[in-house]
Amino acid sequence: MLIKYIPVIFIFVFRVKTEINKGGNIFKHIDMDLNNLLYNQRHDILPQRGSLLIADPMMEELYFKRSVVMILDDDTIEGGQLGLTLNKATNLTLHDITPGWKKGFEVPIYCGGPVDMGRLFLLHTLGDIFRNSTEVSDGIYIGGDFNDIIDYIEGGEKIEGKLRFFLGYSGWSAGQLAGEIDSHTWAVNTSPVSKGLLQGEENEFWRREVENLGEAYRSWLMVPQNPAYN
């Protein structure tokens with residue numbers, strides 16, 4: 001379940017002074033609060049399978065700060081939705097969960113979310129190689145035949161950008177995610193760019209996906225990663 005957070009509201013004040021002549025000055029005061037600056041986009045777009053959630057830049061919750069989550073299923077009355085956080089690195093590798101496998105040192109593990117962190121997931125771009133994998137988004141697949149995956153890694157094939165393992169997942173009850181989107185907790189990209197989606201991590205990854213949202217979200221890039229440093 002997504003851990004709730006309370007956003008801190010800051011007020012941004014822009015003041016522009018224009019001197020027109022010796023007779024006097026004209027002061028233009030433009031007062032703009034944070035909501036108007038950051039949250040003037042549409043917030044009625046609901047994520048479907050394969051959509052990306054991009055966290056509000058003011059979010060401070062541990063697991064989801066500057067996070068990008070791929071949704072793995074559609075919302076249902078019975079089940080809600082499940083997703084994987086794509087950009088949260090850990091200090092773990094596959095060797096930590098399969099100690100006898102030396103090749104596991106070469107494969108990092110990411111944190112998919114705070115739910116069921118003993119469960120391992122795989123996203124990849126190798127749907128034509130890994131049998132029994134399921135396409136989640138254009139060019140991005142989940143799961144696959146275990147032996148195909150092992151053979152690929154044992155063969156010394158490229159890992160970065162091709163496959164990514166995750167422990168845990170992010171989950172929402174029915175209707176919960178729609179409410180969070182309505183309150184501007186997340187931006188939604190229903191047609192993410194799959195190329196490079198399994199590359200990069202942390203804030204750099206988040207900034208790239210904000211840029212992919214377009215001009216309407218450019219103000220998000222102005223918010224420092226730690227507002228206390230501003």
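Me: Exposed means over 50% relative accessible area, and buried means under 20%. Which exposed residues sit on the face of H3 turned away from its buried side?

Reply: They are Phe146 and Asp151. This is a predicted model, and H3 is the helix of residues 146-154.

Me: Which residues of helix H3 are buried?

Reply: Asp148, Ile149, Tyr152 and Ile153 are buried in H3.

Me: What puts these buried residues on the same side of H3?

Reply: The arc they cover around the axis is only 130°, which puts them on the same side of H3. A general point about helices fits here: with 3.6 residues a turn, residues three or four places apart point the same way.

Me: What covers the buried residues of H3?

Reply: The cover includes helix H2 (94-97), E8 and E11.

Me: What makes Asp145 a cap of the N-terminal end of H3?

Reply: A side-chain oxygen of Asp145 lies 3.1 Å from the backbone nitrogen of Asn147. A polar contact needs N or O atoms within 3.5 Å, and the 3.1 Å of this pair meets that limit, so the pair qualifies. Just after H3, Gly156 takes a positive phi of about 75°.

Me: Why is strand E11 called largely enclosed by the rest of the structure?

Reply: E11 covers residues 163-172, and 10 of its 10 residues are buried, so the strand is largely enclosed by the rest of the structure.

Me: How do you know which strands pair with E11, when pairing needs at least two bridges?

Reply: Strand E5 (residues 81-85) pairs with E11 in the antiparallel sense over three bridges. Strand E7 (residues 108-111) also has three bridges to E11, in the parallel sense. Strand E8 (residues 115-124) pairs with E11 in the antiparallel sense over six bridges. At least two bridges are needed, so three and six bridges satisfy the rule.

Me: Which residues stand opposite each other in these pairings?

Reply: Gly83 stands opposite Ser170 in E11. The bridge partner of Cys111 in E11 is Leu167. Leu122 stands opposite Phe165 in E11.

Me: Why does Ser170 count as buried?

Reply: Ser170, in strand E11, has 0% relative accessibility. The limit for buried is under 20%, so Ser170 counts as buried.

Me: What joins the side chain of Ser170 to another side chain?

Reply: A polar contact of 3.2 Å joins the side chains of Ser170 and Thr85. In addition, a polar atom of the Ser170 side chain lies 3.0 Å from the backbone oxygen of Gly112. Leaving out residues up to four places away in sequence, Ser170 touches residues including Phe64, Gln81, Leu82 and Pro114.

Me: What is said of phi in Arg66 and Asp116?

Reply: Phi of Arg66 is near 50°, a positive value in a residue other than glycine. Phi of Asp116 is likewise near 50° and positive, again in a residue other than glycine. Most residues other than glycine have a negative phi.

Me: Where are Arg66 and Asp116 found, and is each buried or partly exposed?

Reply: Arg66 is found in the loop between strand E3 (52-55) and strand E4 (68-71). At 3% relative accessibility it counts as buried. Asp116 is found in strand E8. Its relative accessible area of 42% makes Asp116 partly exposed, the range between 20% and 50%.

Me: How many residues does the largest nonpolar core have?

Reply: The largest nonpolar core has 38 residues, and those with the most contacts inside it are Leu53, Ile54, Met70, Leu86, Leu123 and Trp186. Apart from it lies another core of 14 residues, among them Leu122, Tyr152, Ile159 and Phe165. Leaving aside neighbours within four places in sequence, Met70 is in contact with residues including Leu52, Leu84, Val136, Ile140 and Leu197.

Me: How many helices and strands does the protein chain have, and what share of its residues counts as buried?

Reply: The protein chain has five helices and 12 strands. Of its 230 residues, 43% count as buried. Of the contacts with a separation of 6 or more, 61% are between residues 24 or more positions apart.

Me: What is the mean pLDDT of the chain, and where does pLDDT stay under 50?

Reply: The mean is 83, and 77% of the residues reach 70 or more. Over residues 1-32 pLDDT stays under 50, and for these residues the model has 47 contacts beyond four places in sequence.

Note on methods
Residues are numbered from 1 along each chain as its sequence is written. This is a predicted model: local features need pLDDT of at least 70, side-chain atom pairs count only at pLDDT 80 or more; totals for chains, interfaces and linings use all residues. Side-chain values use heavy atoms; hydrogens and water are left out. A nonpolar core is a set of buried Ala, Val, Leu, Ile, Met, Phe, Trp, Tyr and Cys residues joined through side-chain atoms within 4.5 Å. Buried means under 20% relative accessible area, exposed over 50%, partly exposed in between (1.4 Å probe, protein chains only). Contact means heavy atoms within 4.5 Å. Helices (H or I, at least four residues) and strands (E, at least two) are DSSP runs, numbered from the N terminus. The arc is that of the directions from the helix axis to the C-beta atoms. A polar contact is a pair of N or O atoms within 3.5 Å; within protein, one must be able to donate a hydrogen and the other to accept it, and residues adjacent in sequence count only if both atoms are side-chain atoms. pLDDT is the predictor's confidence in each residue, from 0 to 100.
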